[in-house]
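Opening the notebook on a new structure today. I want to go through confidence, domains, helix packing and the chain contact, in that order.

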Amino acid sequence: MKESAIAVDGLRRRYGPSGSRGYDAVRGISFSVARGELFALLGTNGAGKTSTVELLEGLAAPTGGAVRVLGHDPYKERGKVRPRIGMMLQEGGLPPELTVAETARMWAGCTSGAMPVRESLGLVGLAGRADVRVKMLSGGERRRLDLALALLGRPEVLFLDEPTTGLDAEGRRDTWELVRTLRDQGTTVLLTTHYLEEAEALADRLAIMHAGRIATSGRVADIVAARPSNLSFTLPDGVSADDLPPPAALGALERDSLGQSVRLRTRDLQLTATEVLLWARERRIGLGGLDARSASLEEAFLHIASTVDTAQGETP
Amino acid sequence: MSTTTTTAPAPADTAPTTAARGRVWALARGELTLLARNKAALAYALVLPGLLTYSMKTAVKGVDLKGTGLDLGTMLLPGSIGMALVLAVYMNLVGVYVIRREDLVLKRLRAGELTDSEILSGAALPAVLLGLAQCVLLVVGVGLALDVSAPEAPYLAVVGIAVGVGQMVMLAAATAAFTRTSESAQLTPVPMMMISMVGSGLFVPLEVMPDQVASVCELLPLTPVVDLVRAGWTGDMSAVDALGTLATALAWTVLAWWAVRKRFPWEPRR
């Protein structure tokens with residue numbers, strides 16, 4: 001087994017005093033990221049993603065549990081860990097009156113084994129903006145400068161906290177391509193995002209956080225495979241959902257209907273779709289709004305967001 | 001974007017790590033650029049001490065210096081140096097620390113390899129250089145204008161300025177620790193400035209004050225610094241007195257350092 005780049009065990013983070021006035025942002029999570037792997041932490045706003053990443057980066061000490069990054073405690077042994085990691089924070093923190101090149105030069109001087117400033121700006125497509133003051137940059141350009149700074153030290157582990165927020169579609173694609181290249185070259189990447197397609201496009205594995213816990217984790221295909229597919233359609237007037245054969249006969253798990261609209265949940269979309277279409281042809285029924293949809297990460301995500309909500313607020 | 005450039009991670013543990021000095025200098029260089037672009041702060045710090053010294057000249061002329069062992073030059077020069085330290089280093093730095101915190105710059109720097117004390121030092125270096133440049137200008141300018149004789153014990157003046165600079169930096173960080181916003185940073189350094197101007201012998205020698213007042217004023221942060229610088233010119237300070245004076249200055253520095261460790265906020269309170 002490969003040595004893990006990041007190992008998290010029973011991690012907890014609490015803000016404020018004990019009792020009801022405090023708040024548990026991270027409530028005991030465990031996962032590990034192998035070297036060279038691209039791992040995504042997904043979650044709704046307030047799920048605890050950034051609180052978790054700050055602990056992994058060693059910016060704060062955990063309330064409980066343990067973190068290892070490259071075999072060291074990132075908070076207590078920051079001197080051993082920091083030179084080998086790169087991080088892109090969610091919020092700016094760049095002096096507005098410095099130019100892009102001056103900012104990168106300053107950061108390079110504080111970074112072990114920094115690559116040339118020009119090279120890092122070139123990676124994110126900012127070479128042409130080197131002499132522009134940071135305050136004149138667009139939000140997307142600032143995010144790209146953030147990324148350039150995170151890459152300066154050719155980090156072994158790269159933390160990206162919502163790296164494409166504020167980027168346009170093209171900027172997002174470019175960033176994805178760059179992140180893939182880094183991964184291909186052996187960089188371990190931990191990415192947080194609330195864009196599902198971003199996690200789907202980039203992540204080898206992901207964890208979906210909800211209310212401070214990991215609701216599910218694994219490869220995208222496995223998470224999706226665990227969720228049923230959907231077949232939905234509208235029956236014509238005069239035909240009710242009860243006229244349909246029972247779900248089991250259609251190879252479906254369950255049937256929801258609202259008026260003339262029907263939704264079947266199934267593990268075998270092809271079988272269920274075939275059975276429904278044959279039934280409709282025999283009876284010469286026209287199905288409106290026919291929609292056959294394989295399970296998606298989005299569906300899995302929304303399912304988690306809706307079902308685990310009841311657990312929010314409790315402290316085990 | 002280019003994807004041809006290699007960004008492969010550097011091999012573990014063999015890559016050279018940055019040294020503290022290099023990091024502090026990189027940060028200081030950025031800060032120096034920012035200071036050069038902040039014309040208001042620059043003018044404030046550069047022009048004001050000279051201007052104040054000039055305007056205080058007339059006032060000091062009215063003070064009866066008989067029996068204090070001082071003349072106009074040895075009175076005014078240490079005072080103007082003290083003023084330069086307060087304005088160029090202390091006042092200037094309170095603003096720098098608070099504004100960098102508000103802009104989340106301190107938070108970001110802490111995410112890198114810099115330690116906390118490296119961040120505070122790097123951000124302070126331009127103000128320190130500015131303060132030292134001021135001291136040189138004042139020594140030459142006031143020295144020539146008032147025909148001040150050569151210092152009797154220059155090492156005391158050098159020690160005084162060095163200790164004073166360190167103390168001003170720590171007091172600025174401590175003041176910034178108790179300052180929430182850049183607006184309040186216009187006010188929070190004022191008490192220290194006023195107390196120093198009135199009570200630390202910048203323009204009114206402690207020797208002409210009533211004894212009780214003078215003994216309290218001796219304990220103020222900047223008083224030992226001004227005393228040491230003045231003694232540099234008059235040569236009028238025993239080794240025991242010098243150590244005692246030094247101890248007072250260092251006590252303030254340590255107290256400020258402790259306050260910074262205890263409660264300096266590295267990001268804005270929301």
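My entries follow, one topic at a time.

**Entry 1: confidence**

First reminder to myself: this is a predicted model. I looked up the overall scores and found ipTM 0.85 and pTM 0.84.

For chain A, I noted a mean pLDDT of 90, with 96% of its residues at 70 or more. I then went through the elements of chain A: helix 3 of chain A has the highest mean pLDDT, 96, and helix 10 (residues 297-307) of chain A has the lowest, 82. I flagged residues 310-316 of chain A, where pLDDT stays under 50. For that stretch the model has three contacts beyond four places in sequence.

For chain B, the mean pLDDT is 87, and 93% of the residues reach 70 or more. Among its elements, helix 6 (residues 154-177) of chain B comes out highest with a mean of 96, while helix 2 (residues 39-62) of chain B is lowest with 79. I flagged two stretches here. Residues 1-6 of chain B stay under 50 in pLDDT, and the model gives them 15 contacts beyond four places in sequence. Residues 10-15 of chain B are also below 50, with seven contacts beyond near neighbours in sequence. Note to self: where pLDDT is low, the predicted coordinates should not be read in detail.

**Entry 2: domains of chain A**

I checked how chain A is divided, and got domain 1 (4-224) and domain 2 (228-294). Taken over C-alpha atoms, the centres of these two domains of chain A are separated by 44 Å.

**Entry 3: helices 3 and 5 of chain A**

Next I asked myself: at what angle do helix 3 of chain A and helix 5 of chain A pack? I got about 25 degrees, with the axes 10 Å apart. The cut-off for roughly parallel is under 35 degrees, so helix 3 of chain A and helix 5 of chain A are roughly parallel to each other. Their crossing is right-handed.

I listed who meets whom. Helix 3 of chain A brings Val100(A), Thr103(A), Ala104(A) and Trp107(A), and helix 5 of chain A brings Leu145(A), Ala148(A) and Leu149(A). By class, that contact has six nonpolar residues, one polar and no charged.

**Entry 4: helices 1 and 5 of chain B**

I did the same for helix 1 (residues 20-37) of chain B and helix 5 (residues 116-145) of chain B: they pack at about 40 degrees, axes 7 Å apart. That angle makes helix 1 of chain B oblique to helix 5 of chain B. I also looked up the handedness, and helix 1 of chain B passes helix 5 of chain B in a right-handed crossing.

On the helix 1 side of this chain B contact I wrote down residues including Arg23(B), Val24(B), Leu27(B) and Glu31(B). On the helix 5 side, the residues include Glu118(B), Ile119(B), Gly122(B) and Pro126(B). The class split for this contact in chain B is 10 nonpolar, two polar and three charged.

**Entry 5: where the chains touch**

How many residues of chain A are in contact with chain B? I got 39, against 33 residues of chain B. Helix 3 (100-109), helix 4 (117-123) and helix 6 (169-184) of chain A each supply at least two residues of the side of chain A that touches chain B. Helix 6 of chain A gives the most, with five residues. By class, I noted 16 nonpolar, 12 polar and 11 charged residues on the side of chain A that touches chain B.

Note on methods
Residues numbered from 1 in each chain as written. Chains lettered and ligands numbered in written order. Predicted model: local features only at pLDDT ≥ 70, side-chain atom pairs only at ≥ 80, totals over all residues. Contact = placed C-beta atoms within 7 Å. Helix = DSSP H or I, 4+ residues; strand = E, 2+ residues; numbered from the N terminus. Nonpolar A, V, L, I, M, F, W, Y, C, P; charged D, E, K, R; others polar. Axes fitted to C-alpha atoms, helices over the stretch in contact; angles between N-to-C directions. Parallel < 35°, antiparallel > 145°, perpendicular 65-115°, else oblique. Left-handed = near helix turned anticlockwise from the far one by under 90°. Domains from an automatic or database assignment. pLDDT = per-residue confidence, 0-100.
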